[in-house]
Structure formats: structure tokens, C-alpha cells
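Here's a quick walk through a model, helix by helix. Have a look at the fold before reading on.

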Amino acid sequence: YLSFFASHGLYRDRPYKLCPSLTPERFFRCLVILCIIGSIVFGVMHGAFYKIAMQGFVGLMCCVVFLKCGGIRKDYFTGLLWSTIAHVLYNSNLYVVDYFHAHLR
């Protein structure tokens with residue numbers, strides 16, 4: 001699970017610290033841009049460019065969780081914790097679906 005946490009630190013925590021104390025409108029614009037870029041990179045780093053759509057969407061959802069659970073308040077640890085938990089739950093769901101698909105034919 002450390003790799004999940006490390007990847008979210010790379011894609012979420014570090015980029016958002018690039019948004020210094022800006023006006024609220026500029027800070028929000030900076031967050032949206034970084035969220036989109038981080039999600040694209042998240043998708044590409046999962047294997048290939050064609051994975052941008054699905055994994056990028058998951059990355060976008062993890063980004064929203066990060067922001068809603070602490071990232072906007074600059075409580076990066078809590079945001080990382082909850083976005084990592086969301087990622088782990090999503091991946092666990094895939095394993096469960098794959099298991100039942102393989103064993104219930």
C-alpha cells in the first residue's frame with residue numbers, strides 16, 4: 001500500500017504545493033489545471049497512452065477526493081490518505097469483479 005501512497009504523493013501532493021498563496025480565483029484555476037494534468041500523467045503512468053481515458057478518469061476522481069478531503073485546505077496528508085484509500089478500494093473492486101468473472105462461468 002506504500003506504493004499507492006507514494007504515487008498519490010507524486011501526482012497530488014507535490015503539484016498542489018506549486019500553487020502558492022494566490023487569489024481564490026487563480027488558486028482554483030491552478031488546481032483545475034494541475035488536476036487535469038495530474039490525471040493525464042496518472043493514466044499514462046499506468047501503462048500506455050490508451051489508458052488515459054479510464055485510468056485518467058480514476059485519477060481525476062482521486063484528485064477530487066484529495067481536494068475535498070484536505071487538499072483545498074492545504075491539509076495534504078489527510079487528502080493523500082483518503083485519495084489513497086479510494087484508489088485501493090477501486091483496485092480491490094476490480095480484483096473482486098475479475099475473481100467472480102473467472103469463477104462463476
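Which residues of α3 are buried? They are Gln55, Gly56, Val58, Gly59, Cys62, Cys63, Phe66, Leu67, Gly70 and Gly71, where buried means under 20% relative accessible area, exposed over 50%, and partly exposed in between (1.4 Å probe, protein chains only).

Before going further, the ground rules. This is a predicted model, where local features need pLDDT of at least 70 and side-chain atom pairs count only at pLDDT 80 or more, while totals for chains, interfaces and linings use all residues. Residues are numbered from 1 along each chain as its sequence is written, and side-chain values use heavy atoms, with hydrogens and water left out.

**Overall layout**

The chain has four helices and zero strands, so the pattern along the sequence reads α-α-α-α, with elements taken as DSSP runs (helices H or I, at least four residues; strands E, at least two) numbered from the N terminus. Of the 105 residues in the chain, 35% are buried.

Here is how three of the helices compare with their expected span, which is 1.5 Å times one less than the number of residues.

| Helix | Residues in helix | Expected span | Span in the model |
|---|---|---|---|
| α2 | 21 residues | 30 Å | 30 Å |
| α3 | 20 residues | 28 Å | 23 Å |
| α4 | 28 residues | 40 Å | 40 Å |

So α2 agrees with the expected value. Helix α3, though, spans only 23 Å between its end C-alpha atoms, against 28 Å for a straight helix.

**What's inside**

The buried set in α2 is Phe27, Cys30, Leu31, Leu34, Cys35, Gly38, Ser39, Phe42 and Gly43. In α4 it is Tyr76, Gly79, Leu80, Ser83, Thr84, His87, Val88 and Asn91.

Some of these meet in the largest nonpolar core, which has eight residues: Phe27, Leu31, Cys35, Cys63, Phe66, Leu67, Tyr76 and Leu80. Helices α2, α3 (52-71) and α4 each give two or more residues to this core. A core here is a set of buried Ala, Val, Leu, Ile, Met, Phe, Trp, Tyr and Cys residues joined through side-chain atoms within 4.5 Å. In soluble globular proteins, nonpolar side chains tend to be buried together.

Ile37, also in α2, is partly exposed at 46% relative accessibility. Its C-alpha atom is 9.4 Å from that of Gly56, 19 residues away along the chain.

**Cysteines**

How many disulfides are there? The count is zero, a disulfide being a pair of cysteine sulfur atoms within 2.5 Å. Why does Cys62 not form one? Because the closest cysteine sulfur, in Cys63, is 8.8 Å from its own, too far for a bond. Cys62 is buried at 3% relative accessibility, whereas Cys69 is partly exposed at 26%.

**On the surface**

There's one salt bridge in the structure, meaning a side-chain nitrogen of Lys or Arg within 4 Å of a carboxyl oxygen of Asp or Glu. It pairs Asp75 with Arg73, with the closest N and O atoms 4.0 Å apart. Asp75 is partly exposed at 29% relative accessibility, and Arg73 is exposed at 55%.

Finally, Phe77, Leu81, Trp82, Ile85 and Leu89 make a nonpolar surface patch, together offering about 490 Å² of accessible area. Patch members have over 30% relative accessible area and no salt bridge, with like charges joined within 9 Å and nonpolar side chains (Val, Leu, Ile, Met, Phe, Trp, Tyr) within 5 Å. Areas come from the Shrake-Rupley method with a 1.4 Å probe, and for residues only the protein chains shown count as cover. Leu89, in helix α4 (residues 76-103), is exposed at 56%.
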